[in-house]
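Reader: Hey, got a minute to walk me through this one? I'd like the contacts and any odd backbone spots.

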Amino acid sequence: MTITINGQQVAVPSDPRVSLLDLLREHLHLGGSKKGCNQGACGACTVLADGERILSCLALAVQYEGRSVVSIEGLSPDGSLHPLQHAFIEHDGYQCGYCTPGQICSAVGMAGEAKRGLPSAVTADLAADAVQLTHDELRERMSGNLCRCGAHNGIIAAIADTFGRPAVAEAAE
Amino acid sequence: MSIIDTVKQAATGMMVKLTPDAPPDPLIARKHGALGTSVPRIDGPRKVRGKAQFAAEVPAENMTYAALLYSTVARGRITALDTAATEAVPGVVFVMTHRNAPRLKPPALFQTDPRAAGASSLPVMQDAEIHWNGEPVAIVLAETQEQADHAKSLITVAYQAEPARLSFAEAATQSHQPPNVMGEPAMIQVGDAEAALAGAAFKVDLTFRTPRHSHAAIEPHAATVWWDGDQLVVHDTTQMLHQERWTLAGIFGIPEESIRILSPFVGGGFGGKGLWSHQILAVAASKLSGRPVRVALSREGVFRIAGGRTTTEQRVALGAKADGTLAALIHTGIVAMTEHNNCPEQFTFPARHLYAADAMLLEQRVAEMDMLANTFMRAPGESIGTFALETAMDELAEAMGIDPIELRRRLEPEKDPTSGHAFSSRNILEAYAKGAERFGWDKRSPVPRSRREGEWLVGMGVATATYPYYRMPGAAARVTLTRDGHARVAMASHEMGMGTATVQAQAGADRLGLPVENVTFEYGDTLLPAGTIAGGSSQTASIAAAVTAASAKLVADLLKRAGNDSPLAGLSADDVEARDGGLGHRDGGDRFESYASILGRAGLEEVSAEAEAPPPMEVMSYSMHSYGAQFCEARVNAVTGEVRVSRFLGSFDTGRILNPRNATSQFRGGIIMGLGLALMEETEFDERSGRVMNPSLAEYHVPVHLDVPEIDVIWTDIPDPHAPLGAHGIGEIGITGVGAAVANAIYSATGKRVRDLPITLDKLL
Ligand code: FES
Ligand code: FES
């Protein structure tokens with residue numbers, strides 16, 4: 001009964017009430033995934049489960065048995081920075097930094113969705129194989145990640161820089 | 001005691017020593033330093049890696065987790081309280097209610113003493129009495145958060161409800177002037193404004209309503225606390241470290257020195273991260289249980305026990321003469337407050353300093369309600385005061401048939417209209433001119449509802465932004481210089497995302513003549529010299545003044561130590577300046593010695609100096625304010641009433657800009673919170689029960705990515721010669737004027753005036 005978290009096998013918690021977020025934060029002391037609401041409204045707890053972005057506060061840890069979860073700490077495990085992390089620094093895509101890990105994990109998952117052609121509410125061509133990440137697409141697709149400091153412009157600029165141009169779309173993988 | 005009183009008191013006795021016209025900070029003239037450059041945030045790599053540790057993430061051996069239970073009546077008494085089922089839950093360690101809580105003194109209310117941090121003076125869990133709907137009635141500690149949350153749900157409480165004051169309209173009938181508003185009189189009267197209004201050639205007389213707001217920082221309030229014998233350690237998320245320490249010491253009757261508070265990262269503050277009841281309850285419960293406590297408020301908990309901006313009703317009446325100058329300026333109104341706190345939302349402050357008028361009536365009143373104490377939230381007063389004043393200005397310009405920017409040109413005062421002081425630095429018309437040009441203001445049609453693109457009606461609006469310059473007294477900094485040419489600057493100040501550590505490293509580098517990478521700024525810990533609060537956009541100036549004092553002391557000490565063998569021998573502190581990693585004669589000649597050489601000869605590894613900033617005399621002699629012009633383009637859907645802000649530009653006059661990249665982010669952050677204030681934010685208060693009805697981020701709406709356009713920010717960058725570094729704080733001005741700029745743009749688009757925030761689509765149909 002284990003979950004793979006950032007490449008490590010971790011035992012599923014014995015208390016079935018433990019959320020994936022609390023497993024990370026309280027049991028494993030991986031504080032990078034943030035708790036902003038614990039009810040699915042802010043996106044601060046976003047992690048990647050088998051490459052897809054999920055809200056870990058709404059996920060019971062036991063449901064993720066056998067799955068592979070990557071949190072902000074595992075995004076660039078060798079200690080270097082992921083290109084998106086670089087871009088956040090470059091574009092000042094944060095102030096307090098509390099929403100930041102969620103924004104970054106969410107954007108990585110979002111880029112994968114666009115690549116797979118998943119449409120959003122503002123996508124014009126629902127049949128396209130891949131979605132061009134325009135300014136509106138990025139803003140719509142990132143709207144589940146709240147930022148109260150108002151770093152929105154920098155966040156979107158960082159994501160556009162990393163995933164908006166086709167040449168670097170591979171960084172999503 | 002107010003901030004201003006504190007300043008006055010601190011200044012008494014120093015009057016003789018300090019001339020009001022102290023020479024400008026020499027760093028203002030220095031062109032090639034670290035200041036003014038976009039040094040990336042020092043803590044950036046930690047933040048993007050998720051390695052910045054916040055208060056709820058601090059580990060402790062033997063941790064317990066707290067859950068709070070909140071009252072469900074607004075006024076009354078607890079008549080029965082049963083915790084037996086809770087105590088029987090496996091994992092529950094301790095349950096505290098008013099019956100077993102230790103006797104605690106009430107918190108010293110913020111502003112009653114410069115060291116006080118209490119958001120309310122109500123005693124915390126000391127008896128059966130209930131004062132607001134949401135007051136904590138029990139705290140449960142358990143081995144896990146899951147156990148604590150479940151166990152808390154098993155407590156049964158019965159209340160004897162009593163009549164509560166829950167209607168703002170009713171409370172307003174009993175309103176009164178507070179003794180003062182932030183140390184200034186609650187009422188200012190010049191001439192007979194009502195008579196002048198009656199006789200004016202053009203006039204508007206309008207009522208505005210603004211709702212309660214929540215800071216809604218994405219990090220909920222949280223603390224991890226423990227006792228080590230009689231030593232208390234509090235890992236908190238706070239904007240007032242030393243003030244919280246002094247206040248906790250008073251509540252628990254222990255010496256200040258036995259408390260250490262750490263707060264290296266604050267996940268958004270905006271005025272909300274002060275001393276509320278949860279820290280007090282956690283400290284008490286930890287004392288009684290002998291275990292460390294993590295109290296991490298749920299999002300609902302934040303709405304129940306940490307107050308926000310209060311509701312207001314304001315009147316703005318403007319009377320203009322035929323030449324377009326003001327005969328009468330009236331701004332009055334009422335805010336909801338409690339008798340246990342003192343935050344009357346200084347909404348008349350902008351009108352006290354912005355416009356010339358023959359007669360004025362500016363009056364603030366408060367109405368007491370039985371509710372959670374309201375508190376300071378990003379530009380308290382100024383944010384909502386400018387909504388009313390600047391919307392009224394737009395309406396007056398229209399009544400007069402002139403451009404709103406032209407109206408402001410005609411009303412520009414020579415000196416401060418209420419204090420009579422000279423302005424230290426005021427370039428508001430330049431900010432308007434620059435902004436208008438860049439935004440394309442000349443393309444705006446003066447006729448509302450004259451531009452339509454498909455379903456969308458498009459309009460442009462403008463409004464003035466303004467916020468005072470404050471510098472808080474009582475701050476001390478320590479500067480330590482090491483032989484290898486590095487420096488550590490230390491003060492117990494706060495980083496909530498403003499870029500404090502980065503900008504202060506820049507300032508320290510220029511002050512000491514060192515490269516910025518050789519300077520670190522230490523903050524966020526009460527073991528460091530006492531800092532001032534992070535509030536009133538004052539922290540940058542407050543720190544800079546203390547660092548200047550400490551650096552001067554350090555230079556004097558270095559000269560003494562340099563001795564007669566130094567090329568500096570015989571020079572006084574006034575003759576030298578810090579440059580190139582050492583001290584040199586101000587004449588720029590070759591009398592210079594490096595720090596390494598001075599320390600080496602003296603056989604020292606490091607030298608250190610600590611000093612307190614002089615009292616902020618500059619605010620006694622000058623009218624010191626920041627200004628800006630906010631430009632908005634709004635699109636309103638003619639079918640649905642939806643509003644989209646499609647373009648926004650802020651043009652600011654806030655003294656020298658210290659770090660353009662950080663500054664842009666801070667201005668944008670304020671503007672975006674202003675978009676929320678304009679269009680969506682409201683903490684809904686049920687006037688039947690006193691309960692906040694939308695205590696979640698799903699129902700309290702803040703701007704999301706799709707609501708936020710690319711925001712353009714420009715500035716005059718003209719230094720204020722009377723401010724340290726020539727700079728003003730910029731954390732709050734961004735939100736001011738935004739509400740009116742948006743409302744005015746919506747009017748330009750649709751021909752509809754909405755004077756009741758937030759401007760939701762139902763009000764536009
Ligand atoms: S903490 Fe999970 S969405 Fe807010
Ligand atoms: S950076 Fe503070 S909430 Fe986004």
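Author: Sure, one term to begin with: a polar contact is a pair of N or O atoms within 3.5 Å; within protein, one of them must be able to donate a hydrogen and the other to accept it, and residues adjacent in sequence count only if both atoms are side-chain atoms. By that rule, six residue pairs are in polar contact across the interface of domain 1 of chain A and domain 2 of chain A (both residues at pLDDT 80 or more).

Reader: pLDDT, ok. What are the ground rules here?

Author: This is a predicted model, where local features need pLDDT of at least 70 and side-chain atom pairs count only at pLDDT 80 or more, while totals for chains, interfaces and linings use all residues. Residues are numbered from 1 along each chain as its sequence is written, chains are lettered from A and ligands numbered from 1 in the order in which they are written, and side-chain values use heavy atoms, with hydrogens and water left out.

Reader: Where do the domains of chain A start and end?

Author: Domain 1 covers 2-74 and domain 2 covers 83-172; such bounds come from an automatic or database domain assignment. Their centres, taken over C-alpha atoms, are 21 Å apart.

Reader: How much area is buried between domain 1 and domain 2 of chain A?

Author: About 1,300 Å², with 55% from carbon and sulfur atoms. Buried area here is the accessible area (1.4 Å probe) that two parts lose on being put together, summed over both. On the domain 1 side, Lys34(A), Arg53(A) and Ile72(A) lose the most area to domain 2, together 46% of what that side buries.

Reader: How many salt bridges does the rule find across that domain interface?

Author: One. The side chains of Arg53(A) and Glu113(A) meet in a salt bridge, 2.9 Å from N to O. The rule wants a side-chain nitrogen of Lys or Arg within 4 Å of a carboxyl oxygen of Asp or Glu.

Reader: Switching to the chain pair. How many residues does each chain give to the contact?

Author: Chain B gives 57 residues and chain A gives 53, contact being heavy atoms within 4.5 Å. The two chains bury about 4,300 Å² between them, 55% of it on carbon and sulfur atoms. In chain B, Val48(B), Ile218(B) and His705(B) lose the most area to chain A, together 20% of what that side buries.

Reader: And the charged stuff across chain B and chain A?

Author: Five salt bridges turn up across that interface. Glu26(A) and Arg294(B) meet in a salt bridge through their side chains, at 2.6 Å from N to O.

Reader: Now the odd backbone spots. Which residues are joined by a cis peptide bond?

Author: Leu757(B) and Pro758(B), with omega about -10 degrees. Pro758(B) sits in the segment after helix 19 (738-750) of chain B. Helices (H or I, at least four residues) and strands (E, at least two) are DSSP runs, numbered from the N terminus.

Reader: What about phi?

Author: Most residues other than glycine have a negative phi, and most peptide bonds are trans. Asp50(A) has a positive phi, near 50 degrees, and lies in the loop between strand 3 (46-49) and strand 4 (52-55) of chain A. Gln111(B) also isn't a glycine, yet its phi is positive at about 80 degrees.

Reader: Is Gln111(B) buried or exposed?

Author: Gln111(B) is buried, at 7% relative accessible area, whereas Asp50(A) is partly exposed at 46%. Buried means under 20% relative accessible area, exposed over 50%, and partly exposed in between (1.4 Å probe, protein chains only).
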